[in-house]
Amino acid sequence: MADQLIDLFSIPEASGEASAPVPCSDPVANAHECMTAMLLAGHPVQLQFSGGKDSSCCANLLLNAAREVVLSGKTCPSIYICSADTGVENPVVRTLADHELQKMKTFASEHKIPVEVHVGRPTLAASYAPRVIGGRALPPFPVGKRDCTTDWKIVVSQRVSRTIRAAAGGFTKPLVTVIGTRSSESAARLINTARRGESATSLWYGPDGEARLSPILNWTTDDVWTYLGECASGLRVSYSDFADLIEFYSAAAGGECVVVADMRQSQSAACGARSGCWVCGAVQNDKSVENMIASHPARYAYLVPLLRFRNFVVDSQWDWSLRNYLGRSIDADGCMAVKADQFSPQMCERLLRYLLTAQDRANSLGSPVPVRAVGLRELFAIDFYWSVRAWHPPFHALWVYFDHMSGNHLEAPIIESPMRPSQVPEIGKIFVGRDWDDGSSPLQPSGLRDPMWELHSESCGPSLRTGTKGNVFLALDEMPEFTVDEEGACMFLDFEAEEAIRKYHTQTIDWTIAASIYLRYGVVTLGRGQSSGIDDMMRRSQWLQRNQLHGLQQAEDLRHRCVELCATQEHLFA
């Protein structure tokens, strides 16, 4: 990696000879000179902005470097400020980031800096409610995977970057991504930044081959707050006075001096004061939100129901009675595993009720930005996934929503004594066989089929296609990603939902019919290449129904249907 680094101090300017700044002991001067050299070399820049102290430093350093390039009469390349809105961020953090982005645009306009602001969001399928409440994956826990960071931030940033490149039609010089990582934040960060070959004075390259710069890599926490303090006091030119940023960090520290509190946190071995998503379960206790509520109970009252929901989810990690036990695939021997997996259908319904209540209360208590973890699109996505998996009767999520709107509000309970960590229960396997999908008929074909819709294939109905496994299913139009049409969902909710619930919300009908109806109405459109997978899931769900294995299944009941039982696990359900 070292031989690929480009020394920014030796990059010639766009015209004329190189103007090599001399490195000095001043971290601000070093970062400023590196960014100036990068811009003078003609590199367009993409800045990843979270709204936190580190990305705020990078933003001001970059904008000041760009301001001086413009003042010198040189051409400043395009600057793209990119932010990821996860959809479940702490309302204070989201408000702070949005306000700071607006200040950047104002500063750029005043100084004639070519700046574009891009706010990216996760795909609907990857967002919190469809992902967790839809039963697709577990939430992040203190012990376990934290792939939400990838889906909600890294993938979002990559998609925004592709959009920028496509819109620009290519660049004459490589696009450089500026990030605010600091090696002194923790021992793990020091190791990771070194492994990636990050540099504060040279371009370095990520695994995707894209050029990057880490201008404050060697800054200490004291350096960061000194710089922001000088900006706040007017000693340095700045797009912001950072008053809201300083107030947020102070509140998250319980009203303590922001510099002292943040330096203490940077020396802590554990990360207990995250200030990002209010659903984050990567830590056992969200100390930042707890401190905010304790320091200003009236001002941050809207965070209380959100914290209560988060704590319930986190405290449920080791309660195996809340899990689904039927595997999501059939192995080479024709068996389906019976073991604790994602949350159960009943738990997902509870989470939907609790989340609807939490966001309503947060909004009524004055959240600075509307909390919409479950909006119309998320609600219909959940209902679609529940139907595809035969987890609930058709249109059950809509039924829950109507029940909630009628006044049946349920708060997440407080778990006084969470279950202790324990081994994942593995009960055995249920034999499915090779010919498990032979239960369909021409009048009632299994999978992604719709006989009534297919009758109109010559006019407005879809044709059929054959998958790689020989399965025949609808050849539906697909979008680049899984999509719920908000206008179509709104019309369905207003004019169709109550009748659909009355007609189909029963135990005796095929539970996958809601998914078929959503596809037929165009309320839901599958992502590119998803039709075959949805066909497989619906066939499996219909088999489960024929064998009375759909919906909520108790672990003890499944034990008696297993052909293989791990005797060492019997004590878990004794």
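## Starting point: what "buried" means

A residue counts as buried when its relative accessible area is under 20%. With that in hand, take Phe-395 and Tyr-518: both are buried. Keep in mind as you read that this is a predicted model.

The same cut-off sorts out a few other residues. Cys-57 has a relative accessible area of 0%, so Cys-57 is buried. Ser-516 comes in at 10% and is buried too, while Ile-246, at 25% relative accessibility, counts as partly exposed.

## A hairpin to warm up on

Let's start with strand β6, which runs over residues 202–205. Ser-202 and Trp-204 point one way from the strand, and Leu-203 and Tyr-205 point the other way. Which of these are buried or exposed? All of them are buried, whichever way they point.

The partner of β6 is strand β7, residues 211–213, and the two pair in the antiparallel sense over two bridges. Across from Tyr-205 you'll find Ala-211 in β7. Five residues sit between the strands of this hairpin, and Gly-209 takes a positive phi near 85 degrees.

## Helix α13, wrapped up by its surroundings

Helix α13 covers residues 376–388. Here's a quick check you can do on a helix: at 1.5 Å a residue, the 13 residues of α13 should span 18 Å, and the end C-alpha atoms are indeed 18 Å apart, which agrees.

How much of α13 is buried? The count is 12 of the 13 residues, so the helix is largely enclosed by the rest of the structure. Among the buried ones are Leu-376, Leu-379, Ile-382 and Val-388, along with Glu-378 and Asp-383. Phe-380, Phe-384, Tyr-385 and Trp-386 are on that list as well. Just after the helix, Ala-390 takes a positive phi of about 55 degrees.

## Helix α19 and what it packs against

Now try the same check on helix α19, residues 531–546. Its 16 residues should span 22 Å at 1.5 Å each, and the end C-alpha atoms are 23 Å apart, which agrees. The buried residues of α19 include Ile-534, Met-538, Trp-543 and Leu-544, and also Arg-539 and Arg-540.

What do the buried residues of α19 pack against? They pack against α13 and α18, plus the strands β8, β10 and β11. Ser-516 gives you a close-up of this part of the model: Ser-516 is found in helix α18, and its contacts beyond its neighbours within four places in sequence are Arg-449, Asp-450 and Met-538. Met-538 is one of the buried residues of α19. After α19 comes Gln-548, with a positive phi near 55 degrees.

## Aromatic rings that join distant parts

The model has 23 aromatic pairs. One of them is Phe-384 with Phe-482, a tilted pair with 5.5 Å centre to centre and 50 degrees between the planes. Phe-384 lies in helix α13 and Phe-482 in the loop between β11 and β12, so the pair ties together parts that are 98 residues apart in sequence. Both of these residues are buried.

Then there's the pair from the opening, Phe-395 and Tyr-518. Why is this pair called edge-to-face? Planes over 60 degrees apart count as edge-to-face, and here the planes are at 90 degrees, with the ring centres 5.4 Å apart, so the pair is edge-to-face. Phe-395 is in the loop between α13 and α14 and Tyr-518 is in helix α18, 123 residues apart. The two also belong to one aromatic cluster with Phe-380, Phe-492, Tyr-504 and Tyr-521. Over in α13, Tyr-385 has a charged visitor: Arg-136 lies over the face of its ring, at 5.4 Å from the ring centre.

## Cysteines, and one long-range neighbour

How many disulfides are there? The count comes to zero. For Cys-57, the nearest cysteine sulfur belongs to Cys-58 and is 6.9 Å away. For Cys-562, the nearest is that of Cys-335, 9.6 Å away. A disulfide needs two sulfur atoms within 2.5 Å. At 16% relative accessibility, Cys-562 counts as buried.

One last thing to find in the structure: Ile-246, in helix α8. Ile-246 and Lys-53 are 193 residues apart in sequence and 8.5 Å apart in space, C-alpha to C-alpha.

Notes: Residues are numbered from 1 along each chain as its sequence is written. This is a predicted model: local features need pLDDT of at least 70, side-chain atom pairs count only at pLDDT 80 or more; totals for chains, interfaces and linings use all residues. Side-chain values use heavy atoms; hydrogens and water are left out. Buried means under 20% relative accessible area, exposed over 50%, partly exposed in between (1.4 Å probe, protein chains only). Helices (H or I, at least four residues) and strands (E, at least two) are DSSP runs, numbered from the N terminus. Two strands pair if DSSP finds at least two bridges between them. The expected span of a helix is 1.5 Å times one less than its number of residues. Contact means heavy atoms within 4.5 Å. Rings of Phe, Tyr and Trp (its six-membered ring) pair if their centres lie within 6.5 Å; planes under 30 degrees apart count as stacked, over 60 as edge-to-face and the rest as tilted. A charge sits over a ring if NZ of Lys or CZ of Arg is within 6 Å of the ring centre and within 35 degrees of the ring normal.
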